[in-house]
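Reader: I should like to go through this model by question and answer, from single residues to the overall form. Please give the reasoning behind each reply.

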Amino acid sequence: MEKILDIADAIAHEKGLEPEKVLESLKTAFVQTAKRVINKDFAFEAQIDEDTKTINLIQIITVLADDNEDLYTEEGDVDPAYMSLSDAKAYDDQVEVGDQLQDEHSLEDYGRTGASQLHREIEFHIQRLVEDELFNKYKSKIGNLVSGRVTRVDGQQSTYIEVDEVRAVLPMKSRIKGEIFDVGDHIKAVVRRVNMDKENGIQIELSRTSPKFLEALLALEVPEIADGTVIVERSARIPGERAKIALISTHPQVDAVGATVGVKGVRINAVSDELIGENIDCIEYTDITELFVSRTMSPAIISHVEIVKNAEGENEKTIITLPADQKSKAIGKSGINIRLASMLTGMNIELVENDATTNEETGEIQESKDGVDALEALFS
């Protein structure tokens, strides 16, 4: 038991923990050991002696009035955590109700049983402290990028990755379609979920399909995003296929889209390569809803956007009018473009083709036809 405070400092240094928290864990270990070895009904308190660098184990007995019902347990026995005022007077005639009597105990008096039990309690509480520190550390990293080495791939194709001092798991559902990892591969992912399980300890789940992974990779490749000059306002992905990101610049002389794409697309291509060739559309964000919706439908050319609101004044759906030859572009392969636009705007999108029979919407079409007729007349 001697110099246990030095042991606490050594544990804190080795595990990377705060010395104060280690001391609290040791005090808890002493109290729990005393309850197991001495008496589970006693009220114990562990006190630190700075001079001798030891922890003293004190039994606390609270003085109550003789007629106080708390003096007795439910079985009618005297509760060892309390003492009646009349009994306390036998020890000290100056004692009053509410005073606390202290009786010092030493675990060394209980020999090997006390020592082994204390060792187990210290080991248990320090391990819980380490897990709590790791839990809080990675809880704050949710949505952030981490990297590590693949240590195992199980039968369900879940990939186990060694990230610093913990092992994380990348489930198959959180992998981009077509990805195959082998033991020893170094991969990047974002922290998706952190759980604490009593049986299995800390569990960290990673993801490569989350839009946060795309945003983290962009921050890695684009300095303007990393320093906040360009902000990724919104993002949407269909992993391995296509993605759309809405960007906004906080500096008047910085082009958000141009900075993100890079010279000859070098920046955006580096991100796309990490995402197994995922195509990434960069869009300039605007607060004007109709204009923003129109931009999200790129590469389709839109004629008109109408926002339909419900009775509460909230956006219910968006009706987009467009030429017939632009509809396939608006929908995209397997509906990818319109799905991404809907995810990015958070709205239900309905496409309506221009009506070629009405003069209001066909003025431009008619003018184009007149121009063709004039050209044919010129060469006929």
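Author: This is a predicted model. A loop is a suitable place to begin: glutamine 157 lies in the one between β5 (145–153) and β6 (159–163).

Reader: Is glutamine 157 buried, partly exposed or exposed?

Author: Buried requires under 20% relative accessible area and exposed requires over 50%. The relative accessibility of glutamine 157 is 33%, so this residue counts as partly exposed.

Reader: What is the approximate phi of glutamine 157?

Author: Most residues other than glycine have a negative phi. Glutamine 157 is a residue other than glycine with a positive value, and its phi is near 65°.

Reader: Which loop holds lysine 53, and what is the approximate phi of that residue?

Author: Lysine 53 belongs to the loop between β1 and β2. With a relative accessible area of 32%, lysine 53 is partly exposed. Although lysine 53 is not a glycine, its phi is positive, at about 55°.

Reader: Glutamate 50 lies in the loop between β1 (44–49) and β2 (54–64). Is glutamate 50 buried or exposed?

Author: The cut-off for exposed is over 50% relative accessible area. Glutamate 50 has 59% relative accessibility, and therefore counts as exposed.

Reader: How many Å separate the C-alpha atoms of glutamate 50 and methionine 347?

Author: Along the sequence, glutamate 50 and methionine 347 are 297 residues apart. In space, C-alpha to C-alpha, the separation of glutamate 50 and methionine 347 is 64 Å.

Reader: Where is methionine 343, and which residues beyond four places in sequence does methionine 343 contact?

Author: Methionine 343 is part of helix α11 (residues 336–345), and its 44% relative accessibility makes it partly exposed. Its C-alpha atom is 9.9 Å from that of isoleucine 238, at 105 residues along the chain. Once neighbours within four places in sequence are set aside, the contacts of methionine 343 are Ala236 and Arg237.

Reader: Is serine 272 buried or exposed, and what does serine 272 touch?

Author: Serine 272 sits in helix α8 (residues 266–274). Buried means under 20% relative accessible area, and serine 272, at 11%, is therefore buried. Not counting residues up to four places away in sequence, serine 272 touches Gly277, Glu278, Asn279 and Ile280.

Reader: Is the peptide bond from serine 298 to proline 299 cis or trans?

Author: Most peptide bonds are trans. Proline 299 lies in the loop between α9 (289–296) and β13 (304–309). Omega for the bond from serine 298 to proline 299 is near 15°, and the bond is cis.

Reader: Where is proline 323, and which residues does proline 323 touch?

Author: Proline 323 occupies the loop between β14 (315–322) and α10 (327–331), and is partly exposed at a relative accessible area of 24%. Its C-alpha atom is 39 Å from that of glutamate 179, with their positions 144 residues apart along the chain. Apart from residues up to four places away in sequence, proline 323 touches Ile301, Ser303 and Asn354.

Reader: Which helix gives the largest share of the largest nonpolar core?

Author: In soluble globular proteins, nonpolar side chains tend to be buried together. Here the largest nonpolar core has 43 residues, and those with the most contacts inside it are Val22, Phe30, Ile204 and Leu206. Eight residues, the largest share of this core, come from helix α4 (residues 111–139).

Reader: How many residues are in the second core?

Author: The second core is separate, and Ile176, Val190, Ile245 and Leu247 are included in it. Val190 is also among the residues that leucine 206 touches, as are Val146 and Ile161. The size of the second core is 20 residues.

Reader: How many helices and strands does the protein have, and is the protein spread out or compact?

Author: The protein has 12 helices and 15 strands. For 380 residues the globule rule gives 21 Å, whereas the radius of gyration is 35 Å, well over that value, so the protein is more spread out than a compact globule. Along the principal axes, the C-alpha atoms fill a box of roughly 130 × 55 × 45 Å.

Reader: How far apart are the centres of the positive and negative side chains?

Author: The protein carries 41 positive and 73 negative side chains. The centres of these two sets are separated by 9 Å.

How values were computed
Residues numbered from 1 in each chain as written. Predicted model: local features only at pLDDT ≥ 70, side-chain atom pairs only at ≥ 80, totals over all residues. Heavy atoms only, no water. Helix = DSSP H or I, 4+ residues; strand = E, 2+ residues; numbered from the N terminus. Rg over C-alpha atoms; globule rule 2.2 N^0.38 Å. Lys, Arg positive; Asp, Glu negative; His and termini not counted. Charge placed at Lys NZ, Arg CZ, Asp CG, Glu CD. Core = buried A, V, L, I, M, F, W, Y, C linked by side-chain atoms within 4.5 Å. Buried < 20%, exposed > 50% of the residue type's maximum accessible area, 1.4 Å probe, protein only. Contact = heavy atoms within 4.5 Å.
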